[in-house]
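Trainee: Please take one part of this structure and describe it closely, then show how the rest of the picture can be built around it.

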Amino acid sequence: MATLKNLTKSFKQFRNFSSTTAIKKSVIKEGYKQQSLDDNHQRFNRGGDGESNPKDRNVHWVFLGCPGVGKGTYAGRLSNLLNVPHIATGDLVREELSSSGPLSKQLSEIVNQGKLLSDDIIFRLLSKRLETGEGNGESGFILDGFPRTVRQAEILEGVTDIDLVINLKLREDVILSKCLGRRKCSQCGGNYNLATIDIKAENGSPGMYMAPLLPPAGCESKLITRSDDTEEVVKERLRIYNEMSQPVEEFYRSRGKLLEFQLPGGIPESWPKLLHVLNLEDHDDKQSAAA
Ligand SMILES: Nc1ncnc2c1ncn2[C@@H]1O[C@H](COP(=O)(O)OP(=O)(O)O)[C@@H](O)[C@H]1O
């Protein structure tokens, strides 16, 4: 069974590989099945096929999408619903930065330029997180922000079965405003968004409304903005997403694992639709769409 222990071990091993060819030879498995999304729907709730019995484990899902699209929001909600950990590599990176360890200055320069960190650093952070989770009895995962390059996707594919990759899509003109509106409470860690998106329908294209996600009164004076959420850095992150991460969509599409989900609006509209396409409507007894 693909336990977190195996995954941690595999990531550690892969960190020792230096040649891309060696990695490719090791990880590219034969016989990928092109499966329709309909086939996938039947296995979403329990996990995938392959080295483990899907009944024995929790979901292994990945969230893809541009910076600011809402990966963290929807991955977090699904994580609560399915009781699997939401593992966001961006959060792991920010934790490392705030720890003021030896690497943090070097890392913050890269992150604040909107560039990607090396695979070695990301695998190290991920292995550490998986190890801690394993110690706490976690099983399954929803990954957010990883894989971000085809090489990372190949490595992940070689060490575990990913059941489903949810690719969140949002109109490009909305993405930048949403990134610039992001805030975090420095005390409780809650994520908010001050941007109001209100686009009128025009020339046959539909309008879109997304209400801001405002903090409770107690957090208002403690809001901070991520240092990489400036307009210049967000634009660079979007450019890098298109160059490095968009090919990851094709990687999973060709393996029949990609579920494209165009966000129709804010959480009240999008959440029930996402649950519907995931066949999870029955699970939604813990969270209300309006929350
Ligand atoms: N899988 C990864 N590979 C390389 N760098 C990463 C990865 N995940 C996160 N990072 C680094 O952390 C930063 C913040 O990540 P994240 O919070 O996921 O940003 P975004 O809002 O752009 O999705 C990235 O810009 C990058 O520098």
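**The small sheet and its surroundings**

Mentor: In strand β9, I224 is the residue that stands opposite K184. The model is predicted, so local features need pLDDT of at least 70 and side-chain atom pairs count only at pLDDT 80 or more, whereas totals for chains, interfaces and linings use all residues. Residues are numbered from 1 along each chain as its sequence is written, and side-chain values use heavy atoms, without hydrogens or water.

The pair just named belongs to β5 and β9, where β5 covers residues 182-185 and joins β9 in the antiparallel sense over two bridges (strands are DSSP E runs of at least two residues, helices H or I runs of at least four, numbered from the N terminus; strands pair if DSSP finds at least two bridges between them). These strands form part of an open, antiparallel sheet of three, ordered β6-β5-β9. Its edges are β6 (191-193) and β9 (223-224); each has a single partner strand, so one side of each is left without a neighbour in the sheet.

Helix α9, residues 172-181, lies across β5 and β6 and runs at about 25° to β5 (contact is heavy atoms within 4.5 Å; axes are lines fitted to C-alpha atoms, for helices over the stretch in contact, with angles from 0 to 180 degrees between N-to-C directions).

Strand β5 begins at R182, and the side chain of R182 places an N or O atom 3.0 Å from an oxygen atom of the ligand. R148 has a polar side-chain atom 3.1 Å from a ligand nitrogen. At K115, a backbone N or O atom lies 2.6 Å from an oxygen atom of the ligand. K115 is also among the residues that come nearest, along with T89, R94, G145 and R237, out of 19 around the ligand (a heavy atom within 4 Å).

A second open sheet has five strands in the order β2-β3-β1-β4-β10, with parallel pairing. At its edges are β2 (86-88) and β10 (258-262), each with a single partner strand, so one side of each is left without a neighbour in the sheet. Neighbouring strands of this sheet are turned by 20° against each other on average, direction ignored. Within it, β1 (residues 60-64) and β4 (residues 164-169) pair in the parallel sense over four bridges, and F63 has I166 of β4 as its bridge partner. Helix α11, residues 267-277, lies across β4 and β10 and runs at about 155° to β10.

Notes: A polar contact is a pair of N or O atoms within 3.5 Å; within protein, one must be able to donate a hydrogen and the other to accept it, and residues adjacent in sequence count only if both atoms are side-chain atoms.
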